[in-house]
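Visitor: Can you walk me through this one? I would like to start with the contact between chains and then move around.

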Amino acid sequence: MVDPTIGVGNIAGKAPLMGTEPRPATLSRMRILVTVKFVPDLQSQRSFTEGAVTRTGDDGTMNELDENAVEAALQLKEAAGEGEVYALTVGGDDAVAAVRKALQLGVDHAIHVSDAAIAGSDVFGTAKVIAAAVRKVHDEAPLDLVVTGMAALDGLTSMLPTALAAELDWSQLTLASGLTVEDGTATIVRHLPDAHETVAAPLPAVVSVTDEANKPRYPNFKLIMAARSKPVTTWTLADLGISPEAVGLGAARTVVVDASPRPPRENRVKVTDTGDAGTQLADFLIERGLA
Amino acid sequence: MSTVAVLVETRGGEATQPTHEAITLARTLGTPVAVWLGAAPDPAQNARLGIHGAAEVRVVPAADDARQPARAAAALAAATADADIVLMISTFVNKEIATRLALLTGAGVVVDAAGVELVDGRVETLQTVFAATWNVRTRIAAEKAIVAIRPNTTLASPAEETGAATTVVVDADLPEVSETIVAIEPVPAPEGVPLAEAPVVVSGGRGTNGDYTLVRELADVLGGAVGASRDATDEGWISHEHMVGQTGTTVTPALYVACGISGAVHHRGGMQASGTIVAVNIDPDAPIFEIADFGVVGDLGDVLPQAIARIHEHRAG
Ligand SMILES: Cc1cc2nc3c(=O)[nH]c(=O)nc-3n(C[C@H](O)[C@H](O)[C@H](O)COP(=O)(O)OP(=O)(O)OC[C@H]3O[C@@H](n4cnc5c(N)ncnc54)[C@H](O)[C@@H]3O)c2cc1C
Ligand SMILES: Cc1cc2nc3c(=O)[nH]c(=O)nc-3n(C[C@H](O)[C@H](O)[C@H](O)COP(=O)(O)OP(=O)(O)OC[C@H]3O[C@@H](n4cnc5c(N)ncnc54)[C@H](O)[C@@H]3O)c2cc1C
C-alpha cells in the first residue's frame, strides 16, 4: 500500500515536508478553502421531517469526514510555511457550528452561507452555491485548492466534489488518500477497487480526501479559546449574485417524496454460549435456508 | 417503450453480475440497452447481456480514457442520447461519472438506490439512509434520470424474450481534461465473489486478533466473501478492499455474519440493510446485537469451529 502522505513535495520520492522541518525558500503561500458540512450526529436519533433531514444545533456537528479535509489543508499550509485556510459551510442557522469547529481545529477564516431559499437543494444546487462562494474568495486573492471530505455522513452521495469541480471548471482530484503540491501541480493517490491511481493536475484544483489521508488533530485549549472571538463571515444568495429560483427545492432535480423509519428487526434471538451455541447458530442458518 | 441505458461494469473483460441485475431491472422500466466503454466485448458477453434483455450493446471504444469521469461521461452521453433513464452500479467512480453526465444532460441523480420504479411516468427510487434505519423514496423531477443501483438489490433473471444484443459502435468526441493519470497500479482481484456482490459476507473485526482462518473457513463453507472492520484493515490484518462500512464497501447480502465486531455506527452504515444478520461477540453489550437476528455471546474461537462442523455434518446428511 502507498503511504498516505499530505505535504508539499514529490509524492513518490522524498518524505513530505511537515511544519517543523526547514522549508525551501521557493515555496509560496498556500491559500486553501475547505468545505465543511453540518450533519446530524451519527450517534443521535437521526430522522426526517417533511422530507428534509431534521437538523438541530444540539444533535448536529461538523461532518466527521471533513476533519480529514481540514487536516489536509492545515498540513499543506504548515508545510508551505505561510498561507490561509478558509472553512466554508452552506446550511441553515445551526450550520455555523460546523465552521466554528473548523476554527477550533485551526483554520484562519470562517464563512457561513445561509439563505432560506437554499433549503431543499440537490447536489447541483448546493454545488452552485459553494462554487459562487469559492469564486468570491478566489477573486479577492487566488486560491490554490478547495479541499472537501470524501462524503457527507448524511447525504452520503460523494457527488459534491465532482459537481463543484465541474461548476468551477477547475481540476478534479477526488478520493485522495495522499496529496502533494509542487510547482503549481497537485498530485494525489487514489485507491480504487481495481487499481491504485496516481493523478496529477494543475492548480487550482478541487481535492476530496478520504479518511485514509491523515489522522485529524484534536482542537487544543488555546485554539478553542481563540476560536470564540474569531468572526464568521455570513453571506446570503444576494451576496453571491445567485437568484433564489436557481437553487433550493424548486430547482432540485430530485425531491424526497416519502421518508419513514424502517421497522426494527423482529423475533431476534440472542444466546449465550454454554458449549453448544455454534451448533445453534448453524441450525438457525440451516432452518433459514442459508447454509 | 423508451430506451433505458445500462452502463456495463466489467471485470477481466466480462460484464459483472450487478450489470446483469441492472439489465434485469431496466426491463421493468423500458427497453434495456447496454453501454460498453472500451474494446468490443466477445460474442459470449453479448449473448449473456441479451439473455437478460439487452436489445443492443453500444460500444464506445474508450480504453483508459474511461478512467477519467469527465471523459467517461462524455462517452456515455454520446451513447445514450435517446435514453431517458441511465442506470449504473453504485460505486465511487460511477458516482463521479453520474455527476458529470448529469451536468451534460440536465438529469437528476440518485445514487445508492435499492430500487427504481415508474410512477405516473416519473422515475422514483428507493433508498435506505442513516445506516439503514430509514427508508426514503425520491422522485426525479428532471426529464432525464440517472440512478446508481446497489448490487444485490435485484435478482438477475433471464428475459421472457431474449434481447438481440446487437453490437452498435458509437463514436464519441472525448473532451480534453486537465487531469493526467500518471500511474495505474492494478490491484489483484480478490479470489472468489467480490465483496459488494456476494450473497453471503462473513466479516472479522478486532476480535479476530488478526487471525482470519476461521472467518475465511466459514465464508468458504457458506459460499461467501470475507469482510472486515476498519480496525482490522487499519491494523493491516487484511487489505483495505475488504472493509465494510460507510467509508468502505456497502454490502446488502442475504446473510451477514459479524465476528468480533462491536458494531460501530460507521460499520453498521455499510451492512445494516443485509437480509439476515448474525453476530458472534464475547461482550453481551456490544451494539452489534441491537441489529442481529441471531446473536451469540461467546468466543469466536469456540463458536465458529462448532458451527462449521455442524454445517458439514448437516450437508453430509
Ligand atoms: C438522505 C439524503 C439523501 C440525498 N439524496 C440526494 C440525491 O439522491 N441526489 C441529490 O442530488 N441530492 C441528494 N441529497 C441532497 C444532498 O445531500 C445535498 O445537496 C448536499 O449538500 C450535497 O450532497 P452530500 O450531502 O451527499 O455531500 P457529499 O457529496 O457526500 O459530500 C462530500 C463533501 O462535500 C462537502 N459538502 C457537501 N455538502 C456541503 C454543504 N452543504 N456545505 C459545505 N460543504 C458541503 C463536504 O466537504 C463533504 O465532505 C440528499 C440529502 C440527504 C440528506
Ligand atoms: C470517519 C470514520 C469513518 C469510519 N468508517 C468505518 C467503516 O467504514 N467501517 C468500519 O468498520 N469502521 C469504520 N470506522 C471505525 C469505527 O468507528 C470503529 O472504530 C470500528 O468499526 C471498530 O472495529 P471493530 O468492531 O473491529 O473493533 P472494536 O470496536 O474494538 O470491537 C471488537 C469487538 O470484538 C469483540 N471480541 C473481542 N474478542 C473476541 C472474541 N475472541 N470472540 C468474539 N468477540 C470478540 C469485542 O467484544 C468487541 O465488541 C470509522 C471511523 C471514523 C471516525
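Guide: What follows covers the chain interface, one strand, the domains and some salt bridges.

Visitor: Fine. What should I know before reading the numbers?

Guide: This is a predicted model, in which local features need pLDDT of at least 70 and side-chain atom pairs count only at pLDDT 80 or more, while totals for chains, interfaces and linings use all residues. Residues are numbered from 1 along each chain as its sequence is written, chains are lettered from A and ligands numbered from 1 in the order in which they are written, and side-chain values use heavy atoms, with hydrogens and water left out.

Visitor: How many residues does each chain put into the contact?

Guide: Chain B gives 80 residues and chain A gives 76, where contact means heavy atoms within 4.5 Å. About 6800 Å² is buried between the two chains, 59% of it on carbon and sulfur atoms. Buried area here is the accessible area (1.4 Å probe) that two parts lose on being put together, summed over both.

Visitor: Which three residues of chain B supply the most of its share?

Guide: Phe130(B), Trp134(B) and Phe294(B), with 11% of the area that chain B buries against chain A.

Visitor: And how many salt bridges between the chains?

Guide: The count is 6, a salt bridge being a side-chain nitrogen of Lys or Arg within 4 Å of a carboxyl oxygen of Asp or Glu. Arg265(A) pairs in this way with Asp293(B), with 2.8 Å between the closest N and O atoms. There are also 45 residue pairs in polar contact across the interface of chain B and chain A, both residues at pLDDT 80 or more. A polar contact is a pair of N or O atoms within 3.5 Å; within protein, one must be able to donate a hydrogen and the other to accept it, and residues adjacent in sequence count only if both atoms are side-chain atoms.

Visitor: You mentioned Trp134(B). What is on the covered face of strand S10 of chain B?

Guide: Trp134(B), Val136(B), Thr138(B) and Ile140(B) are on the covered face of that strand, residues 134-140, and Asn135(B), Arg137(B) and Arg139(B) are on the uncovered one. Helices (H or I, at least four residues) and strands (E, at least two) are DSSP runs, numbered from the N terminus.

Visitor: Which strand of chain A pairs with it, and in what sense?

Guide: Strand S15 of chain A, residues 254-261, pairs with S10(B) in the antiparallel sense over 7 bridges; two strands pair if DSSP finds at least two bridges between them. Arg137(B) is the bridge partner of Asp258(A). Within chain B, strand S9 (residues 122-129) is also antiparallel to S10(B), over 6 bridges, and Gln127(B) has Val136(B) as its bridge partner there. The hairpin of S9(B) and S10(B) has 4 residues between the strands, and Phe130(B) takes a positive phi near 50° in it.

Visitor: Switching topic. How is chain B divided into domains?

Guide: Domain 1 is 3-169 and domain 2 is 195-316, with bounds from an automatic or database domain assignment. Their C-alpha centres lie 30 Å apart. The area buried between these two domains of chain B is about 920 Å², with carbon and sulfur atoms giving 50%. On the domain 1 side, Ala131(B), Arg150(B) and Asn152(B) lose the most area to domain 2, together 50% of what that side buries.

Visitor: Arg150(B) again: what about Asp112(B), is that buried or exposed?

Guide: Asp112(B) is buried, at 13% relative accessible area; buried means under 20%, exposed over 50%, partly exposed in between (1.4 Å probe, protein chains only). Asp112(B) lies in strand S7 of chain B, residues 108-113. Beyond neighbours within four places in sequence, its contacts include Arg150(B), Gln127(B) and, from the other chain, Leu156(A).

Visitor: Back to salt bridges. How many over all chains?

Guide: A search of the whole structure finds 30. One of them joins Arg29(A) and Glu84(A), with the closest N and O atoms 2.3 Å apart. That pair links distant parts of the chain, 55 residues apart: Arg29(A) is in the loop between strands S1 and S2 of chain A, and Glu84(A) is in strand S7 of chain A. Arg29(A) is partly exposed at 39%, whereas Glu84(A) is buried at 16%.

Visitor: What about a short-range one?

Guide: Asp234(B) and Arg230(B) meet in a salt bridge at 3.1 Å, N to O. The two are 4 residues apart in helix H6 of chain B, so about one helical turn separates them. Asp234(B) is exposed at 54%, and Arg230(B) is partly exposed at 33%.
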